[in-house]
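Q: I would like to learn how to read a model like this one, feature by feature. Could we go through it together?

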Protein chains: 2
Amino acid sequence: MLTYTEENYLKALFKISFDNDNEEVGTNELATYLAVKPATANDMLKKLKDKGLVDYEKYGKITLTKTGKKFAIDVLRKHRLWETFLFEKLDFSWDEVHEVAEQLEHIQSQKLVDKLDKFLNYPEFDPHGDTIPNKKGEMKVQFKKTLSEVAVGSSCKMVAVKDNSSSFLQYVVKVGLGINNEIKVLSKQEYDKLTDIEVNGVKSSVSQKFAENIFVVCKNCAVGKPCSEPSVCEIK
Amino acid sequence: MLTYTEENYLKALFKISFDNDNEEVGTNELATYLAVKPATANDMLKKLKDKGLVDYEKYGKITLTKTGKKFAIDVLRKHRLWETFLFEKLDFSWDEVHEVAEQLEHIQSQKLVDKLDKFLNYPEFDPHGDTIPNKKGEMKVQFKKTLSEVAVGSSCKMVAVKDNSSSFLQYVVKVGLGINNEIKVLSKQEYDKLTDIEVNGVKSSVSQKFAENIFVVCKNCAVGKPCSEPSVCEIK
DNA sequence: TAATAAAGTTAGATTAATCTAACAAATAAA
DNA sequence: TTTATTTGTTAGATTAATCTAACTTTATTA
Ligand SMILES: [Mn+2]
Ligand SMILES: [Mn+2]
Ligand SMILES: [Mn+2]
Ligand SMILES: [Mn+2]
């Protein structure tokens, strides 16, 4: 059985790597992410190594073992199921769910997870558009791109947010955007990188930084990979 | 902010006292209840005293302060709301809910408790018939008695169980009993204290020990106080 | 009431998770 | 290729929660 803290370290390692094109993770990076000191993370890494959850050599990079990855994905699954529960059933707004899910993700009960999953009708995405791993640990991934990559004149559909901070999420709502909204990219200012968009007939302008944190899928785009091609990412 | 463990101690102090006619609680009793050693409980009592949550002098009895009681009741409220959620919404059986609720009761989010309460339509009793404190900390109490106190020839309604262990709860189901069932007391064997009862037209016999762990309300009983007289127990 | 038992306390140790401060290794810059 | 910077490690300390073993106080009983 893992402790609350061990679970957080494993989840952090998985997320840091997964959200950055499966890059290798270092001690300081991990420590920063978890808001602890490098010395603390270093101690924990030794423990996780002893337990066979991470591959790690002194001064080397950190990777999750198969077992470590399994646990990490399980915590992520619980986190996102709880977020969905709070959002769908208890009327939390999408900027409020994360904090509470950070606690709920550590409740130990396989039966609870299974029942919750069923109660929510086996959701595939959480309120932020992030994929919810299924019971086997498989994650549906979409070939999504950011709004900043969409060519002028194209239309796309918002599917997720990259920045999950409540300040950003509230801002997104304020701008009139939400998951599944159709976004038309009208034009881009070369001078200050502002992007003019149209959502539900309403026009507005968003900054480059903003556009980089909105994930979309679309066809006929000038940049990036084909969208709307869901596939399944198996656990290696 | 209280720790997980501090919350458990406060809840334990409240329950030991409440379930035994508001008796005063001792260190060893508390330790036994929480399955820790007396030395451990003693250390914690000092801490809780420092925090103003218990009244306690060396070698004396332990009582909760007003603040301590408030926290204890809040944990109890969360515990019983979660039990109700698991039972009503996720189809857990009544012998499975306690263990998971022991974890869920420590989730810190006032909003979550309020929303959950609303989602469950402000329930007054949990799956075991125990009263759920409302937001103000008020607890509806029934003048219930045990099945063993009911006179031969009387009828009564089962409202709760005294023993919450899953083995007992499973046994109750096996015997064909459940909350809100009408129970007719047919006869009692003087020799071995067996009680013959009838539930939904089905007759069976239960032991003295069993009968002492079933709470009922009824009119026209020979023993005990008047039933069916709900009142509200304010926080003193 | 004196002996015995029960209840409660203290001292010292352990484990998990964290920190600071000093140090070492690896990488980047000059 | 030295030097400087970044990255990572170690040693020693702290806090919360727990334990064992020894000790003290209170309560019971003979
Ligand atoms: Mn967490
Ligand atoms: Mn999310
Ligand atoms: Mn608890
Ligand atoms: Mn209950």
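Q: Which of the 22 residues around DNA strand D come nearest?

A: Happy to start there. This is a predicted model, in which local features need pLDDT of at least 70 and side-chain atom pairs count only at pLDDT 80 or more, while totals for chains, interfaces and linings use all residues. Residues are numbered from 1 along each chain as its sequence is written, chains are lettered from A and ligands numbered from 1 in the order in which they are written, and side-chain values use heavy atoms, with hydrogens and water left out. A residue is near a strand if one of its heavy atoms lies within 4 Å of it. Around DNA strand D, the nearest are A:Asn42, A:Tyr56, B:Thr3, B:Thr40 and B:Lys47.

Q: What part of DNA strand D faces the protein, sugar and phosphate or bases?

A: Look at the strand atoms within 4 Å of the protein: 77% belong to sugar or phosphate, and the rest to bases. For single polar contacts, look for a pair of N or O atoms within 3.5 Å; within protein, one must be able to donate a hydrogen and the other to accept it, and residues adjacent in sequence count only if both atoms are side-chain atoms. A polar backbone atom of A:Asn28 is 2.8 Å from a phosphate oxygen of DNA strand D, and a polar backbone atom of B:Lys37 is 3.0 Å from a phosphate oxygen of that strand. B:Tyr59 uses a polar side-chain atom, 3.4 Å from a sugar or linking oxygen.

Q: Which element gives the most to the surface near DNA strand D?

A: Helices (H or I, at least four residues) and strands (E, at least two) are DSSP runs, numbered from the N terminus. H3(B) gives the most, with five residues. Helix H2 (27-34) and helix H3 (38-50) of chain A, with helix H1 (4-18) and helix H3 (38-50) of chain B, each supply at least two residues.

Q: And which residues come nearest to DNA strand C?

A: Here they are A:Thr3, A:Thr40, A:Lys47, B:Asn42 and B:Tyr56, out of 22 residues around the strand. A phosphate oxygen of DNA strand C is 2.2 Å from a side-chain N or O atom of B:Asn42, and another contact of this kind joins a phosphate oxygen to the side chain of A:Tyr9 at 3.4 Å. Two or more residues each come from H1 and H3 of chain A and from helix H2 (27-34) and H3 of chain B. H3(A) gives the most, with five residues.

Q: How is chain B laid on chain A?

A: In general, two copies of a chain are related by a rotation about an axis and a shift along it. The copies are superposed by least squares on the C-alpha atoms of residues with pLDDT of at least 70 in both. Here a turn of 180° and a shift of 0.0 Å along the axis lay chain B on chain A with an RMSD of 0.0 Å. That is the relation of a two-fold axis. In chain B, B:Leu104 comes closest to the axis, its C-alpha at 3.8 Å.

Q: Which residues coordinate the manganese ion (ligand 3)?

A: Donors are N, O and S atoms within 2.8 Å of the metal (3.2 Å for Na, K and Ca); water is not among the atoms, so sites may look incomplete. For ligand 3 they come from B:Asn8 (OD1), B:Glu105 (OE) and B:His106 (NE2), at 2.0 to 2.2 Å. Their spacing in sequence is N-x96-E-H. Buried means under 20% relative accessible area, exposed over 50% and partly exposed in between (1.4 Å probe, protein chains only). B:Glu105 and B:His106 are buried.

Q: What are the protein donors of the manganese ion (ligand 4)?

A: They are B:Glu83 (OE), B:Asp126 (OD) and B:His128 (ND1), at 2.1 to 2.3 Å, spaced E-x42-D-x1-H along the chain. B:Glu83 lies in helix H4 (residues 66-88) of chain B and B:Asp126 in the loop between helix H6 (110-119) and strand S3 (139-141) of chain B, so the pair ties together parts 43 residues apart in sequence. B:Glu83 and B:Asp126 are both buried.

Q: Where is B:Tyr59 placed, and is that residue buried or exposed?

A: B:Tyr59 sits in the loop between strand S1 (54-55) and strand S2 (63-64) of chain B. At 82% relative accessibility, B:Tyr59 is exposed. Its phi is near 65°, a positive value in a residue other than glycine.
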